Amino acid sequence: MTQVRNKRRNERLRPAHDIIGGENHNDYPTQTLFEEIKEKKLPFVSNIVIIGRLRDTWDKQSELGEYYQKFISSLSSIIEKGLEHHEHNTPDSYNMQHATGLLLIFPTLFVHCLEVTNPALKLVLEDLNQSINTQDGLIREASILNISYNIKTRIYPNWTFKSIKLAVEDLDAQPAETTETIALEVLGKLLRLAKYQAEERQRNERPVDILANIDQQRADLLPNQANINYLLKQPIFRTADDILKNYKRPVNIRFESALSSDSPSATHESITRCAFATITSEYIQTQFQINITIPTITNGTCPSSFFIQLKSIFPQIQKQGGNSYSTWINTIDYIIGFNALVDVVEQTDESRHFDSESFIAASQIILARYKIAIDSLNSSDYDNSNEYFGKVTHTLQDFYSHSNWIELNNREPQQDLGINNMTSAQFAAPTVRTCTNCSTGTNAICPSNNCTLAGLTSGYFKLLTDIIHKKPVGKCSHGGTFDATKNNDAIGGINKDTVDSIHGFLHVPAAQTAYLATYKILLQFRSQVLDTLFGKFINILDRKAVSSKTLMLLASSSKSQQDSSLVYTNILNDIRKTNMFSSIQEVVLSPARDSYYKSHILSIATHKHIRIDILRNSMYRQNSFDYGQDLARITGGLYLYNYNKSQDNININQNKQTELINLLYSKDSSSDNILINVDNTCSDLILEFLTNDTISSVTIQLQKWSLVLSPSNILTNTTYYRSYIFSNILPGQWRLIISSLPIKFTFDLRVSCYSKFRCFSRVYVNNDNVIHPGLIEFEGNLIQNQNALLITTCDDNSINITDISVAMVDEINGNILGNSFQSIYNSENDRWITNLTNIPSNPFRFKFSFNNQQIQRLSYLLYQPSLIDVEITQVNTTSKQNILVNYRLHNYNKKSVTINFIAKNIGTYMTTKDYKLKANATQDDYINLKPEANQKDMIVLTITASTGDWNYDVYSL
C-alpha cells in the first residue's frame, strides 16, 4: 500500500540489528556510491532533462547556446559565494564542474540534458523560470522531462551546445504511441547520442568537434522534433516553477489518508490503524465489559465513526483504571510511525517489501522482528516492542500489494507469515516466466499480464537511476514511474499500492487482505503475551514501569552504578521504561561525561511526551558543566540548581493529570506584568518557582480586579524551589504578585493546571521518498525557515472544539514569532492539522488557542531550530557483516562552522569526526560499522557546532 511518512525532513535510521538470513547478495557491487564519492571527491550529482520552446520573436539559435555557455561557466563562482545555496565542502569543491551536459537547439524547440551538482540544480531552475517569466527572455515555455537524483556517474565530460538545422514537415503531428513511450524514446536517443560521443572521443586521438555534422551524418540519434512538441503540450510533466515551489511550500498532506479524506486508496497507515482499532475494541469488550459496535471492514480502512465511538467510551475505561484515549491513540501513532519508517530507511531493500521474489528473506525478517517485539514486551521494554511490531506490519502488508497473491484469487492471509519461514517450494522458480509483456504500456492498467499458472511471484523493483542491475527475463516488475525494470521483459508491473497503480483494479482486495493479515498477527500476538501485557502493549493499561517520583540514578550495569558521571546513561535506562505522558525526576551528583546519549534521550522524551526534572546535588559548582540541564529545558522539566537530598522533599501530588498553561517565565520580583490565563477547564492551579538565590521569605498572590487570592496550600517550601496550589480557581486573567526578601531575585516559573482537557501534538515533515511520498514524525531539531506539519489530538468529549489557532512563541519572553496558523479539522481521524511555514530561529514553544481563545495551552516541549542538520542519504542494510551508514551534513549558517560528529552505541564503540563547513555548505561522509560495533541495538549520531547552534540527531541501527 502507499505509505506516507520525518523525517522527518530526512531519512531516519532505526534498529536493524535483526538482519538475519536473507537472500544471497554476493552479486551486489562491493563499492557503494559513497565509497565512489569519497574516492573521487565528487559531490552528489543529478541529471535533469529539460524540453522547451523558444520565443516567436527569436530566430538566432546561437544566442541561447551562448547564453547558457556563460551561465554554466559562472556556476562555480556563484555557488562559491554561497548566495543562499549549498556547496559540497570537499577538498576539490571549487575546481569541480558544477554542470556538464548537452544542449540541442532546434529551429523552435530545444532539449537540454544537464548533469548538475545539487547546489547548481536550484540555480538552473531559477534561471529557467526567470527566462520564461521575463518578457525579453529567450524561452517561452519549458517542461522537466526527467530528473534522476544522485546519479553514480556522469555521461558527459563537459558542457556543450549544438544548433540543429533539421526541418520538420509537420511539427504538430499526433504520434500513435503513448506519452510515456514517446518520453522514453527522447530519453533513449539522448543516451545513445552520449554513447556515440564517448565512442568517437576514444576513436580520435586529437580533439575534434564530434557534433559538427551530427544532423547530416547521424540524424537518427537526434530526438524527433514532433515528439518534443507533443510532450511540451502534456500537462503531466512538471515545470521549473513546480519544482521550485517544493523548496518553500507547506508540507503536502494529500498523500496521507490519516490527514486527508479525499484519497480513494488505503495506506499502510489506515490499514494498521484499522487493525489496531478492531483488536482494541475486542480487548475493551473482554477486559472492561464495555459494549462496542465493531463495523464490518471490506476495504482495509475503518470508518471515521468507529474512532469517534472508541473515543466516546474511553472515559468509562479511565473510571476502571485504564488510560486515556490520547494515550492509546498516540501509542498507535508511535507504532504506525515505525511502519512508515520502512519506506524511508529501507525503501530499496527488497526483503523489507517482498520485492524481487524475496519471499524467504522477507518472511525471515517478519519472524525476527516479531520475536524482538515479543521479547521486548516480556522484559517491559514497551517502546522497543511497539517499534518492531510496527516494522513487522509494513513488510507483512507489502506481501499483498507487491506479490500476485491476490491475482491468484486468494482473499485470506497467507498462513505462514509470522509463524514460519517460507520455502522455495512455495513460489515460482528463478527460471520460470511469471509475467508477459503489458500490451497497454508500462504504466497503464494491465489485468492479464501475470502468468498465474506459474505460481506465486512478486514484482522486481530497481530505481530509475540504477542502470546496472536488471531483472531476470520474463519476471514481473513492481511497476510505476520510478521502477527501472518496468521496461524490461516482461514490460509492465503488478503492484497494487493504490487504485492508480498498474494493478490498481485489485487494490481494494489487496488492502482488505493486508488488513486481515495485520489483524490476524495481532490476535496471535495477544494470545502469546496474554491480556495484561497486551493491554500495556497498546497502552490501554498503565505500564507503571517507572513512577514519577524522585529517582536515584541507578543503572543496570555495575559500571554506571559506581560512576555518577554517567548521567545520561542512567537517564536513558530510566526513560526507556517510563510510561508515556509522565514525568521523571533525576538526581545528578556529578557533571556528565556521556553527553553523546543526550540526542537519543531527547528523541524518546519527544515521542513519549515525557518531562524530565533534573535535581542537581553536586559539589562541583561550575555552571559550564553538563548536568543534564538541556534535558529539563527542552522537555519542559525543572532544573534545580541546588538540591539537597537529605533536606529537600520536592515531590508534588501526582494523583491528578496536569496540563501546562504557561511555562518558564524568567522575571524578577519587581515585575508586575506576569499574566496567567485560566480557562474554565482548570480546577486547580500550580505555580512552581526555581531560583539560584537564597530567599528568606516570599509571598505569592494572584489578583483579578479587586479580587486577591493567596495559595490554598504550599506544596513544597525549600531554599531554591517552591510550589503553590490555588484550588478551585475562577477562570479569567490573573496577575501574579510577588513580595519577597530580598526585594529582587531572579527565578524561573512553571505554571500548570489540573484539567481533564488535554491535547497532544506531534510534528511531521516530508519523508523525501519519491517512490512513496508522505510524512514522517521528525526527530532531532527543526531547521530554520523550513516547513512542518503539526497534528493535534485532544481528550475530553465534553469540550466541543470549534477552532484551533497555533502560534510559535519565544522561549524567554513569550512573544509570537511570525504568524499564527489556523488548524484544519480532519473528521475522519478526529485530529487537527496545522501547516507550519518558516520555522523561526529562536527557540520556541507552541501556543494553542481553542474556541476563539477561550482556552489556551502552551506546549511543554521546547523546539530549538538549528542551522545544522544531519541526514541519512543511503544505507546498506543487506550486508551480513559491516553496515555502511552514509550521511550528509548541512550548514545553513551564513558563516563557517566547526562541527564535531560522534557516532556511539550502547557498548564500547565510538567514532568521532571533525568537520569545517563553509557558509551554506554540505558535506557527505560515511561510517563503516564493523561486526563488533553492531552487537548493540543503537547508534547515536550527535553533532555540536562551534557557533552555538547546537543540534542533535539520532539514528538507531
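**Exercise 1. Determine which residues of helix α6 are buried, and what this says about the surroundings of the helix.**

Solution. In this predicted model, the buried residues of α6 are Q225, A226, N227, I228, N229, Y230, L231 and L232. A residue counts as buried when its relative accessible area is under 20%. Since helix α6 covers residues 225-232 and 8 of its 8 residues are buried, the helix is largely enclosed by the rest of the structure. As a further step, consider the N-terminal end of α6, which is capped by N224: a side-chain oxygen of N224 lies 2.8 Å from the backbone nitrogen of A226.

**Exercise 2. Describe the setting of K475: where is it found, is it buried or exposed, and what does its side chain meet?**

Solution. Begin with the position in the chain, where K475 belongs to the loop between α12 (382-402) and α13 (507-537). Next, take the relative accessible area of K475, which is 0%; the cut-off for buried is under 20%, and therefore K475 is buried. Then turn to the side chain of K475, one polar atom of which lies 2.8 Å from the backbone oxygen of A429. Finally, with residues up to four places away in sequence not counted, K475 touches a set of residues that includes E357, A428, A429, P430, Y460 and D489.

**Exercise 3. Carry out the steps of Exercise 2 for H353, and find the residue whose side chain is joined to that of H353 by a polar contact.**

Solution. H353 is located in the loop between α10 (325-345) and α11 (359-378). With a relative accessible area of 2%, H353 is buried. The side chain joined to that of H353 is the one of D398, through a polar contact of 2.9 Å. Residues up to four places away in sequence being left out, H353 touches V342, D343, E346, Q347, H394, D398 and H402.

**Exercise 4. Identify which residues of the largest nonpolar core touch the most other members, and which helix supplies the largest share.**

Solution. The largest nonpolar core has 63 residues, and those touching the most other members are F276, I284, F389, F525, F534 and F537. At least two residues of this core come from each of α8 (268-287), α9 (304-319), α10, α11, α12 and α13. The largest share, 12 residues, is supplied by α13. To follow one member in detail, take F276, which, apart from its neighbours within four places in sequence, is in contact with W328, I332, I335, F389, L522, F537 and I538. A second, separate core holds 35 residues, among them V345, F778, L782 and Y863.

Note on methods:
Residues numbered from 1 in each chain as written. Predicted model: local features only at pLDDT ≥ 70, side-chain atom pairs only at ≥ 80, totals over all residues. Heavy atoms only, no water. Buried < 20%, exposed > 50% of the residue type's maximum accessible area, 1.4 Å probe, protein only. Helix = DSSP H or I, 4+ residues; strand = E, 2+ residues; numbered from the N terminus. Polar contact = N/O pair within 3.5 Å; in protein donor to acceptor, adjacent residues only side chain to side chain. Contact = heavy atoms within 4.5 Å. Core = buried A, V, L, I, M, F, W, Y, C linked by side-chain atoms within 4.5 Å.
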